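The exercises below each set a task and then work through it step by step. Keep the sequence and the model in view while reading.

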Amino acid sequence: MTGGRAWKRRVTAALAVVGLSLGVAPGLASANTVEEQMADEILADHNVERVAHGLDPIAPAVWLEAPALAQSFAMADSGSLFHSDLGNLIAHGGVWWAGENVLYMPFTADQATPLWMDSPGHRANILSTNPTHLAVAVVCVGTRAYVTTQFVDNPDSPSVVPEFIGRRNPRCGDADPASIADIEYTASENGLWAVDRDGEIYTRGDAVDHGSAPTLASDENVVSMSVTPAGAGYWLFTDKGRVFARGDAAHKGDMAGVTLAGPVIDSVAMPDGNGYYMVASDGGVFAFGSARFWGSMGGLELNRPVNGLAPTPSGKGYWLIASDGGVFAFGDATFSGSMGGTSLNSPVVSMVPYGDSYLLVGHDGGIFNFSSAAFHGSLGGASTDSGIVAVAVRDNGSGYYMVSADGELYGFGASAGG
């Protein structure tokens, strides 16, 4: 099924249903996905048709990629076709002409352009002399691909790019797509990195992709990431205890080849950037580089598995968190309270340093603040499709983001919408 429309400044010609405002569908940008490969093929097929009809090829519009992908996500969520508000581009994007074609189809890119060329309205957009640039976005749900193409006559209009945060793009034909494992702020706190369990990197804001993990073993997953102090690199950690250093991150050793009593479930870098910790589900702690061992729960009987570690600001201690909310303090870490022994709606999944102490987050998005820094809110029992997996906090305690396994971001305090 397909739909097409075109707009001109001051002269509007709506060719389909009522539009949807830009910027309402969140997402995290990824690289080299099946969807992006399909988008590149569709753009190439458009240019074959344009050249065959005596027209100049059309160039990719990088600034339009986020709005186009937002539209494809919105259609995928609703399971139907409709148009975005092209008037937004006209009013705020510095363009005089904008067109849009949409469709859904089985996930084979070679069908898109022929389907549109067989429809007069869509064909008119593809063969129009007005546009100079085009963005193509593909989102897959199961075996169906939702495709948006947006045509404009302006190559560079960054002012119209919407806030585009938080969704893992499922791969075409992938019945069990990888899920987000962790998120981290950039040094400026004007961007975020996310990594999924396959080790693929997703970026938002000023985050720069320094590289993903290599191909992992079939039974191996990336479980966490840590960013260097300068923000010019990061480490990726797997449940097998392997470490992959990217950008300015330096490899300080790992547990590759060592038989572990439990899988590594969390890892975090030292504040000085010269070392890192890994913690396994049995409570074992492994220190590398400038990180120092201050004790662990390894070999002790636990009520529930350990699933997180947070170092103190001095780097001379750390806290461990178990899934039942129990907190264990080592070195100069001060015990400030826990949820151990409390009936929880869902397990605690993450712990991060916060203010003068720590913050816990539950799988259901419940936040437990044991510091003097402000509580900015939580999901308050609101359901998520896949559950919360990690939290990232601003250094000054002014806000935090939670992320679900399918990549939805939930911002609170200074992080809400920013």
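**Exercise 1.** Which residue in the hairpin of S7 and S8 takes a positive phi, and how many residues lie between the strands?

Solution. The model is predicted, so local features need pLDDT of at least 70 and side-chain atom pairs count only at pLDDT 80 or more, while totals for chains, interfaces and linings use all residues. Residues are numbered from 1 along each chain as its sequence is written, and side-chain values use heavy atoms, with hydrogens and water left out.

Step 1. Find the strands, which are DSSP runs (E, at least two residues; helices are H or I, at least four), numbered from the N terminus. Strand S7 covers residues 180–185 and is joined to S8 by 5 bridges, the two running antiparallel. Two strands count as paired if DSSP finds at least two bridges between them.

Step 2. Look between them. The hairpin has 5 residues between the strands, and Glu 189 takes a positive phi near 65°.

Step 3. Check one bridge: Ile 183 has Ala 194 in S8 as its partner.

**Exercise 2.** Describe how S8 pairs with S9, and decide whether S8 is enclosed or open to the outside.

Solution. Step 1. Strand S9 (residues 201–205) pairs with S8 in the antiparallel sense over 5 bridges. One of the bridge partners is Gly 205 in S9, opposite Gly 191.

Step 2. The hairpin of S8 and S9 has 4 residues between the strands, and there Gly 199 takes a positive phi near 90°.

Step 3. Buried means under 20% relative accessible area, exposed over 50% and partly exposed in between (1.4 Å probe, protein chains only). In S8, 6 of the 6 residues are buried, so the strand is largely enclosed by the rest of the structure.

Step 4. Sort the residues by direction. Gly 191, Trp 193 and Val 195 point one way, Leu 192, Ala 194 and Asp 196 the other way, and all are buried.

**Exercise 3.** Classify the aromatic pair of Trp 193 and Tyr 234, and state what it ties together.

Solution. Step 1. Rings of Phe, Tyr and Trp (its six-membered ring) pair if their centres lie within 6.5 Å; planes under 30 degrees apart count as stacked, over 60 as edge-to-face and the rest as tilted. The structure holds 12 aromatic pairs.

Step 2. Trp 193 and Tyr 234 are 5.7 Å apart centre to centre with 65° between the planes, which is edge-to-face.

Step 3. Trp 193 lies in strand S8 (residues 191–196) and Tyr 234 in strand S11 (residues 233–238), so the pair ties together parts 41 residues apart in sequence. Tyr 234 has 0% relative accessibility and therefore counts as buried.

**Exercise 4.** Classify the pair of Phe 237 and Tyr 276, and place Tyr 276 in its sheet.

Solution. Step 1. The ring centres of Phe 237 and Tyr 276 are 5.3 Å apart and the planes stand at 75°, so this pair is edge-to-face.

Step 2. Phe 237 is in strand S11 and Tyr 276 in strand S14 (residues 275–280), 39 residues apart. Both Phe 237 and Tyr 276 are buried. Together with Trp 235 and Phe 288, they form one aromatic cluster.

Step 3. S14 belongs to an open sheet of 3 strands in the order S13-S14-S15, with antiparallel pairing. S13 (264–269) and S15 (285–289) are the edge strands, each pairing on one side only.

Step 4. S14 and S15 pair over 5 bridges, and Gly 275 stands opposite Gly 289 in S15.
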